[in-house]
Amino acid sequence: MSGGNLDLVIVGAGFAGMYMLHRARKLGLSARVIEAGSGVGGTWYWNRYPGARCDVESMQYSYQFDDALQQEWDWSERYAPQPEILRYANHVADRFDLRRDITFNARETTAAFDEAANLWRLETDSGERIAGRFCVMATGCLSSWNMPRFKGLEQFQGKRYHTGQWPHEGVDFTGLRVGVIGTGSSAIQSIPIIAGQAAQLTVFQRTPNYTIPAHNAPLDPEYKRAIKSDYAGMRARAKQTIPGIDFKLNPKSALEVSAEERQREYEARWAAGGLMFGASFADISLSKAANDTAAEFVRGKIREIVHDPKVAELLAPDYTIGCKRLCVDTGYWATFNRPNVALVDVSKQPIEEITAKGVKLAGREYEVDAIVFATGFDAMTGALTKIDIRGVGGLSLRDKWDHGPRTYLGLAMAGFPNLFTVTGPGSPSVLTNMLPSIEQHVEWIGDCIAFARDNGKQRVEPQAQAEEAWVAHVGELAGATLRHTCNSWYQGANIDGKPRVFMPYIGGFPAYVKTCNQVAAGGYTGFALS
Ligand code: N01
């Protein structure tokens, strides 16, 4: 690891950290990335569970900063599987010769701002030190995996896995009795595959989820050619939409059309598959009555697919559709028709303990050979609060965020000069297509650092009032939709004791970019530069 002072230290070699490094080099900044894993890819490096794939279509879930890169890379399926996305990340690392400035197998534990020297000083778990004028936390939004504190966890004699930290060599469940705890995206993707291998699969469900079929398939070469012939056009259209994805939103209200037209639209979206079911009508995320029509349509599909009416009822969610992140699956509901699959409701009688032999609740022990914890993440803030980050006067980020995250633009925090976050809380982040959002953030951060350098400034720090106003704006926008009406990780509800604050900016990609551009054009309004 470099002992000298750098212009920039980047934490994390996922898609954000990799592009930040590339951008820093282009700007003539010396930079080094610190990465806990042994390879690049971030979330796609860790999440190797069976069936893992991206729920944004592959032609859109990729970098666009280099046209030759997007022209030469060949996606094989509509939704790219995790191994292919990881290959893509490695290809990018090779193509842009990134590895020489990445330190692998080094987990950042502390980062402190040295006010006298205007330097960020970081230390890793092995005691290595690195310092840089600026620091970018490219630590990911869904990277700090959540293991609930189940009583007796350590006494389990079988194998334990977490979807967010899957063994690199893979796991073969053939002939085993397996328990899966959780029914979020990771569970919904892995359950059909585990069910195909296991002798017996028991799914422990606390809250059912809405999922839409992926209808995944190999990509038609003609379709790929058509997109590549005008990739820029497609990317430009995507940037005009709220999630930063090129898609068709039906501008009508679900309530203004006839029941037949509504049904036709939902059937067409179901047949097309994927997240864009949520765009069937313009008011699904705004009006409870409109939302109910979409939710009821999906519940109807569950009742059609799942043979046992009792199981179908347990699988059918009763809350706002799209409140928790919509899932995208391949054969999820039908999996519950298999004779080797059982569903256990833990909503009213929670898991009491993990025993030596399995999972115990309501006085019954479910014996299993392996448990898969598909229990999600300490989303958006967990990866940052895990590191002991100290700003001016020793202010700790954990303390600053004690009542919920506070940022300016989701990019920087008052009291933490020269520190930036990529897709952090307060940014559109997880509500958008992550790759274009990452590129926008990285380019903005790079420009801001270059501006400071070119203007002889040592420190860039949000002003407290600007941060205050942004936090209020983010909260106000969240309150105007139905997104706050359920227990989701968007508002920290999945982690005991985590403050309930809706974390991402819900105003959409175009409005966010416009604000960021105005801030930059105004000489970084809301920031103090000194
Ligand atoms: O995590 P989750 P995930 N006892 O938090 C349950 C992205 N992603 O890894 O809902 C019993 O959604 C918990 O129950 P509840 C995507 O953005 C994307 O699946 O809190 N159960 C829930 O069912 C996604 O939204 C892709 O009541 C417990 C589950 O565990 C995000 O990552 C694929 C429990 C956790 O679900 C997170 O998804 C995968 C307890 N004590 C992930 N604690 C794609 O691109 C938790 N649960 C497709």
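Tyr 524 is a good place to start: at 5% relative accessibility, Tyr 524 counts as buried, where buried means under 20% relative accessible area, exposed means over 50%, and partly exposed lies in between (1.4 Å probe, protein chains only). Tyr 524 sits in the loop between helix H16 (509–521) and strand S20 (527–529). Helices (H or I, at least four residues) and strands (E, at least two) are DSSP runs, numbered from the N terminus.

Before going on, a word on the model. This is a predicted model, in which local features need pLDDT of at least 70 and side-chain atom pairs count only at pLDDT 80 or more, while totals for chains, interfaces and linings use all residues. Residues are numbered from 1 along each chain as its sequence is written, and side-chain values use heavy atoms, with hydrogens and water left out.

**Residues with a positive phi**

Most residues other than glycine have a negative phi. Tyr 524 has a positive value, near 70°. Thr 423 is another residue other than glycine with a positive phi, near 50°. The place of Thr 423 is the loop between S18 and H14, and with a relative accessible area of 4% Thr 423 is buried. Asp 97, just after H4, also takes a positive phi, of about 50°.

**Helix H4**

Helix H4 (residues 82–95) has 14 residues. From its first C-alpha to its last, H4 reaches 20 Å, close to the expected 20 Å at 1.5 Å a residue; the expected span is 1.5 Å times one less than the number of residues. Which residues of H4 are buried? They are Gln 82, Glu 84, Ile 85, Leu 86, Tyr 88, Ala 89, Val 92 and Ala 93. Their cover includes H1, helix H2 (43–46) and helix H3 (67–72).

**Where H1 meets H14**

Two packed helices are described by the angle between their axes and the distance between the axes. For helix H1 (residues 15–26) and helix H14 (residues 434–454), the axes come within 9 Å and cross at roughly 35°. Axes here are lines fitted to C-alpha atoms, for helices over the stretch in contact, and angles run from 0 to 180 degrees between N-to-C directions. On the H1 side, Phe 15, Ala 16, Tyr 19, Met 20 and Arg 23 take part, and among their partners in H14 are Leu 435, Ile 438 and Val 442. Contact means heavy atoms within 4.5 Å. The residues of this contact divide into eight nonpolar, one polar and four charged. In this count Ala, Val, Leu, Ile, Met, Phe, Trp, Tyr, Cys and Pro are nonpolar, Asp, Glu, Lys and Arg are charged, and the others, Gly among them, are polar.

**Salt bridges**

Side chains of opposite charge can pair when their charged atoms come close. A salt bridge is a side-chain nitrogen of Lys or Arg within 4 Å of a carboxyl oxygen of Asp or Glu. How many salt bridges are there by this rule? The count comes to 33, and here are some of them.

| Salt bridge | Closest N and O atoms |
|---|---|
| Arg 225 and Glu 222 | 2.6 Å |
| Asp 388 and Arg 390 | 2.9 Å |
| Glu 467 and Lys 400 | 2.7 Å |

Glu 467 lies in helix H15 (residues 464–479) and Lys 400 in helix H13 (residues 397–400), so their pair ties together parts that are 67 residues apart in sequence. Glu 467 is buried at 4% relative accessibility, and Lys 400 is buried at 16%. Salt bridges that share partners also join Arg 25, Arg 32, Asp 97, Arg 100 and Asp 101 into one network.

Arg 225 and Glu 222 are three residues apart in helix H6 (residues 221–229), which means that about one helical turn separates them. Arg 225 is exposed, with a relative accessible area of 52%, whereas Glu 222 is partly exposed at 46%. Arg 390 is partly exposed too, at 32%.

**Two residues and their surroundings**

Met 413 lies in the loop between H13 and strand S18 (419–421). Is Met 413 buried or exposed? Met 413 is buried, at 1% relative accessibility. Leaving aside neighbours within four places in sequence, its contacts include Lys 400, Trp 401 and Glu 467.

Leu 314, in helix H10 (residues 309–315), is partly exposed at 31% relative accessibility. Beyond its neighbours within four places in sequence, Leu 314 is in contact with Gln 205, Pro 208, Leu 343 and Asp 345. Leu 314 and Arg 206 are 108 residues apart in sequence, and their C-alpha atoms are 9.9 Å apart in space.
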